[in-house]
Structure formats: C-alpha cells, structure tokens
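Welcome! Let us take a walk through this structure, from its interior to its pockets.

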Amino acid sequence: MKAIYLDHNATTPLDPAVVQAMQPFLREHFGNPSSAHAYGRIAREAVERARAQVADLLGARPAEIVFTSGGSEASNLALKGLVLPALMKSAADIHLITSAVEHPATLEPCAFLERLGCRVTVLPVNRYGLVDLDALRNALRRPTLLVSIMHANNEVGTLEPIREIAALAHTHGALVHTDAAQSAGKIPVSVDELGVDLLSLAGHKLYAPKGVGALYVRQGLTLEPLIHGAGHEGGRRAGTENVPYLVGLGAACEIARHSLPVATETLRRLRDRLWDRLREGLGDALVLNGHPERRLPNTLNVNFIGHVGADLLEAVPEIAASTGAACHEGQIHLSPVLRAMGVPAEQARGAVRLSVGRFTTETEVDRAAELLVTRARAMAVK
C-alpha cells in the first residue's frame with residue numbers, strides 16, 4: 001500500500017496539468033530560445049509565457065522575473081548579487097540582517113558573506129517563531145544594505161510580518177528580500193503588498209519540477225550575476241534556459257493563481273481536521289509548534305510528548321512525514337528552528353511536521369491520525 005504523503009513542505013508531486021504542459025517541450029519543441037529560426041522562436045515564446053505566468057502569481061512585471069535552477073539559487077543570487085558589487089568597494093560598510101529561523105539557502109550565503117568581511121545580524125524570534133521587530137529596529141540603527149527574512153517558515157509554518165518588516169527597513173534605507181518558497185501557491189503573495197525588493201520562488205514547492213525556480217527583482221535594482229556567460233535572462237543569469245521546466249513552472253503558477261483563495265481554505269480545513277483528530281486521541285500529550293493562527297494553512301508541526309519523532313515515524317511506515325529532531329549515535333539533535341524558538345528539548349525531541357497538499361484527502365487525514373494515535377499510545381505503554 002502506498003504511504004500517505006504528508007510531507008508537502010519538503011516537496012510536492014507534479015500536477016498532472018503541469019506534466020501535460022511540459023510534454024511538447026520534451027519532445028518536438030526542442031529549440032534553443034536564443035536561436036532565430038522557428039524552433040527557437042517557439043521555445044522563446046514559451047519561456048516568455050512562463051515568465052508572465054510567474055509574474056502574474058506574484059503581482060509583478062514579467063521583466064522583473066529571473067529564472068533560476070531553484071529556490072536556493074534564487075536566494076543566493078539575491079544576497080550575493082546585491083552584496084558583491086558593494087564588496088568590491090568596501091566590506092567595512094556592508095551590514096546584513098536575517099533571522100535565526102531562516103532556511104539554509106539564506107543563512108549559508110549570509111555566513112559566506114560574513115567571511116568576506118560583511119557584518120551580519122541574526123535576529124531572534126519568539127516562541128511562535130516570529131521575528132522580534134524591536135530587535136530589527138535596533139539592528140537598523142546601523143546602516144544596512146539588506147534585510148532578508150523568509151515569508152513563511154518551512155518547519156512550523158509561521159508567517160512573518162513581512163509588510164511591517166519591509167516598511168521599517170525601507171525607512172532606514174535598506175532593501176528587503178524574502179524567501180517565499182513555502183508561501184507561494186498556498187496563500188496570496190503580492191510583491192507590492194509585501195513591499196519587498198527581492199523574492200525567491202521554488203518550483204517543486206508548488207507542484208512544478210525540482211531544479212527550477214525564480215527570483216523577483218524589483219525594477220531598477222541591479223544584481224551581479226552568479227553565473228557569467230552569454231547574457232541570458234537580461235544579463236542576470238547566464239545559461240541556456242531549461243524550457244520544459246520553465247513551462248512547467250509557469251503552468252504551476254497559473255494553476256496556483258486560479259486556485260486561490262479556495263485552495264487556502266481547503267488546505268486549512270484538512271490541516272485543522274488532522275489536528276482535531278490527533279488532539280481527540282492524545283489530548284495534552286500533543287503540543288503545537290509555531291503560531292496558532294499566523295501560519296501556513298497546510299502546516300502542522302507538533303510535539304508528541306514522551307516520544308522521539310523519528311522513532312514514532314519509523315514505527316508508522318504508512319505515513320511519509322518529517323521530524324524536528326535528528327538522532328545520531330544515540331544523541332538527539334534538535335532542529336535549529338525549534339531551538340531558536342525556545343521549545344524545551346524534552347518536547348522538541350518529539351516534533352513531527354505534517355504538511356498536507358492539493359491532492360490530500362479527508363480519508364488520508366483520518367487514517368494518518370488514527371495510525372499516529374494508535375502507535376503513540378502503544379509506544380507510551382511500553
């Protein structure tokens with residue numbers, strides 16, 4: 001029997017409509033978009049159509065979309081592409097601000113830039129995973145080039161107050177980047193409403209293929225490319241475009257745009273149904289991680305008190321999900337996100353992330369809850 005898939009924050013299955021849109025470009029439409037003949041023209045038109053579809057999802061202009069190999073490259077391009085030109089002038093004056101709960105695709109580029117001489121401030125979060133705005137105000141007293149805070153946390157789903165963060169940062173002359181890999185397609189994401197200057201997107205988080213993504217770059221902002229070459233993507237990212245995958249990303253973004261806001265409510269209903277069933281069976285032996293309201297509609301991160309999350313999932317192979325703690329050689333290492341939130345170690349060791357998706361059914365949710373409750377009770381008795 002196929003396992004119940006509740007790990008949509010890790011990756012999503014390809015939407016059948018996305019596969020259908022890609023197929024002609026995997027077969028007959030194989031032209032290089034840079035070629036002047038008919039084969040190239042068809043490919044080029046497909047790339048530009050995809051660019052417009054991504055832009056429409058984000059409320060951006062097509063020219064503000066740069067295609068990348070995924071969300072990690074998009075965030076790297078945002079941070080390094082903005083900072084490297086300034087570094088060539090003087091590292092001493094470059095200050096970056098991020099948070100303690102960012103994805104490694106942001107934290108690692110910040111660490112790299114810090115090794116090159118930049119100053120990096122890592123903001124703390126509260127027990128819900130929300131960035132401390134007072135800490136941000138204090139950090140902005142120092143001249144700052146960029147503030148990079150994710151829109152939605154990939155582990156606990158907490159939605160950061162990006163609009164307020166952007167307004168505060170802009171008041172102090174700083175630019176703002178947000179990683180929207182988890183939020184795009186699940187909730188409305190508008191670059192103008194958020195007020196951001198740069199925004200990262202990952203295809204495989206919204207039912208497009210792995211290995212494709214995009215970076216929104218506000219008009220007028222110039223970045224140094226990470227990949228130099230023949231000047232593709234308006235000189236911002238060299239390399240022949242991966243046409244089939246871009247077509248897939250565009251189709252996925254169009255599907256997501258048309259599915260909102262109904263999709264948001266459907267995901268929330270499934271998530272809450274799962275929470276209710278688990279609470280009915282386990283009561284206070286289950287503790288929620290993340291904000292109870294300001295979080296992704298599909299994400300449920302919970303601590304199974306008295307258990308180790310990895311052990312519990314191993315005992316329920318019928319469910320595919322993620323944990324908040326890793327066990328190596330008998331030692332339990334907590335997720336940096338849960339640690340930054342101050343979740344007590346004795347609780348966090350039992351953390352499990354359950355994330356529903358577009359194709360998740362109520363029957364699957366009910367069955368998953370039944371399996372987890374039954375196994376958790378049995379393991380507690382032992």
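Two residues are said to be in contact when they have heavy atoms within 4.5 Å of each other. The model shown here is predicted.

A good place to start is Thr98, which lies in strand E3 (residues 95-99). Leaving aside neighbours within four places in sequence, Thr98 is in contact with Thr106, Leu107, Cys110, Val120, Thr121, Val122, Leu123, Ser148 and Ile149. Is Thr98 buried or exposed? Thr98 is buried, because its relative accessible area is 0% and buried means under 20%.

Next comes the nonpolar interior. The largest nonpolar core holds 65 residues, and those touching the most other members are Val54, Leu58, Ile65, Phe67, Val147, Leu199 and Leu249. Take Ile65: beyond its neighbours within four places in sequence, its contacts include Arg51, Val54, Leu58, Tyr216 and Glu233. Apart from this core lies another, of 27 residues, among them Leu274, Leu313, Val365 and Leu371.

Now for the pockets, beginning with their volumes and the residues nearest their centres.

| Pocket | Volume | Lining residues nearest the centre |
|---|---|---|
| Largest | about 300 Å³ | His151, Glu160, Arg163, Pro188, Leu194 |
| Second largest | about 200 Å³ | His103, Asp179, Ala181, Ala202, Lys205 |

The largest pocket is lined by 14 residues, divided into seven nonpolar, two polar and five charged. Helix H6 (162-171) and helix H7 (191-194) each supply at least two of them, with the largest share, three residues, coming from H6.

The second largest pocket has 17 lining residues: five nonpolar, ten polar and two charged. Here helix H3 (71-87) and strand E7 (198-202) each give at least two residues, and H3 provides the largest share, three residues.

Methods: Residues numbered from 1 in each chain as written. Predicted model: local features only at pLDDT ≥ 70, side-chain atom pairs only at ≥ 80, totals over all residues. Heavy atoms only, no water. Core = buried A, V, L, I, M, F, W, Y, C linked by side-chain atoms within 4.5 Å. Buried < 20%, exposed > 50% of the residue type's maximum accessible area, 1.4 Å probe, protein only. Helix = DSSP H or I, 4+ residues; strand = E, 2+ residues; numbered from the N terminus. 1 Å grid on protein atoms, 1.4 Å probe; cavity = no way out; pocket = protein on both sides within 12 Å on 5 of 7 lines; lining within 4 Å. Points joined across faces, edges and corners; volume = space filled by probe spheres on them. Nonpolar A, V, L, I, M, F, W, Y, C, P; charged D, E, K, R; others polar.
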